[in-house]
Every structure is written in C-alpha cells, then in structure tokens.
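Please look over the structure shown here, and then follow the paragraphs below, which go from paired charges to the nonpolar interior and on to the surface.

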Amino acid sequence: MKNLSLLLIFLFVSVTAISQTDRAEDMKEMNQEKKAMQYADKMAAKLTLTAEQKEDVMKARMKMLDNKMELMADHKGMDMEDDMEDMADDKANMSKDKMKLHADFKEDMQEILTEAQFAKWSKMEMKNMDKMHVDKKKMKKEDHDDDTEW
C-alpha cells in the first residue's frame with residue numbers, strides 16, 4: 001500500500017511539474033504578444049497610425065521580441081565554465097547582436113511609417129534610450145552604494 005501511495009504521489013508531482021513547464025512557455029509567448037500589442041497601441045496613439053500600420057508595427061515588434069528571446073536563450077546556453085576572456089567576447093558579441101536587432105527593427109519601422117511619423121518615432125526612441133541609460137546608471141550606483149554599506 002505504501003508503494004502505491006508513493007507511486008501516486010510521484011506521478012502527481014511529475015504531471016504537475018510538466019504542466020507548469022508547458023504553462024510557463026505559453027505565458028512567455030502570450031506575454032510577448034501582449035508586449036507587442038501594447039507597443040502597437042502606444043504607437044498608434046502617439047503617431048496616429050492607420051489600422052494597417054498598427055498591425056505591421058505589432059508584427060515588427062513581435063519579430064524583434066522573438067529574435068531577442070532566441071538571442072537570450074542562446075546566450076544562457078553557453079558554457080559557464082568558459083574563461084573570462086571568452087566570457088568578455090561573448091558579452092561583446094551579445095551586445096553587437098542586440099544592436100543589430102534594434103537596427104533591423106528601426107529599418108522595419110522606417111518601411112511601415114511615413115517620413116513624418118518616422119521622424120517623431122525616432123525622437124521618441126532616442127528619448128527612451130536616454131532614459132534607459134540614466135536608469136541603468138542609477139541602478140549601478142545604487143548597487144555600488146549598497147556594497148559599501150557593510
């Protein structure tokens with residue numbers, strides 16, 4: 001009877017773990033779609049996009065997010081036992097790949113938007129990039145400040 005109970009518990013735990021993994025993958029994909037839709041909605045409001053442009057912006061954003069997820073997965077899959085020089089090279093390559101993703105997205109946006117819309121979008125992107133870099137510097141400073149407190 002104990003063996004049967006243990007077997008049932010093991011089976012239940014296994015099924016639960018598998019279903020959670022599948023669900024996590026579904027949630028990631030749904031979150032990507034949600035992010036792309038939110039971005040398209042935001043751009044539609046700020047740039048007065050047509051319905052077709054909005055759909056194209058959503059597709060372009062989704063493509064960029066998917067490629068970014070693949071890039072991150074490839075990066076995580078690298079062997080952590082690499083020496084420091086290899087890790088530095090990997091980080092540099094990752095940065096180059098991210099820049100290429102952004103450049104490709106910018107090209108897609110230029111094809112989708114009118115000249116005036118693209119000019120406005122470019123200004124918004126520059127502002128967002130500046131904000132992101134300031135936020136990143138603040139986080140680094142806070143991390144450094146936290147380290148010196150003990």
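Does aspartate 41 count as buried, partly exposed or exposed? At 34% relative accessibility, aspartate 41 counts as partly exposed, where buried means under 20% relative accessible area, exposed over 50%, and partly exposed in between (1.4 Å probe, protein chains only). This is a predicted model, in which local features need pLDDT of at least 70 and side-chain atom pairs count only at pLDDT 80 or more, while totals for chains, interfaces and linings use all residues. Residues are numbered from 1 along each chain as its sequence is written, and side-chain values use heavy atoms, with hydrogens and water left out.

The side chain of aspartate 41 meets that of lysine 54 in a salt bridge, at 2.6 Å from N to O; the term stands for a side-chain nitrogen of Lys or Arg within 4 Å of a carboxyl oxygen of Asp or Glu. This pair links distant parts of the chain, since aspartate 41 belongs to helix H1 and lysine 54 to helix H2, 13 residues apart, helices being DSSP runs (H or I, at least four residues) numbered from the N terminus. Lysine 54 is partly exposed as well, with a relative accessible area of 29%.

By this rule the count comes to three salt bridges. In another of them, aspartate 108 is joined to lysine 63, with the closest N and O atoms 3.0 Å apart, and here helix H3 is linked to helix H2 across 45 residues. Aspartate 108 is buried, at 17% relative accessible area, whereas lysine 63 is partly exposed, at 42%. Aspartate 104 and lysine 100 also meet in a salt bridge (3.1 Å, N to O), and because they are four residues apart in helix H3, about one helical turn separates them.

Turning to the interior, the largest nonpolar core (buried Ala, Val, Leu, Ile, Met, Phe, Trp, Tyr and Cys residues joined through side-chain atoms within 4.5 Å) has 16 residues, and those with the most contacts inside it are Met43, Val57, Leu113 and Trp121. Helices H1 (2-47), H2, H3 (84-112) and H4 (115-148) each supply at least two residues of this core, and H1 gives the most, with five.

On the surface, Glu33, Asp66, Glu70, Asp74 and Asp97 form a negative patch, a patch being made of residues with over 30% relative accessible area and no salt bridge, with like charges joined within 9 Å. Helix H2 (residues 51-76) provides the largest share of this patch, three residues. Glutamate 70 lies in helix H2 and is exposed, with a relative accessible area of 51%.

Definitions and conventions. Patch = residues over 30% accessible without salt bridge, like charges linked within 9 Å, V, L, I, M, F, W, Y side chains within 5 Å. Areas by Shrake-Rupley, 256 points an atom, 1.4 Å probe, with all protein chains shown as cover. Lys, Arg positive; Asp, Glu negative; His and termini not counted. Charge placed at Lys NZ, Arg CZ, Asp CG, Glu CD.
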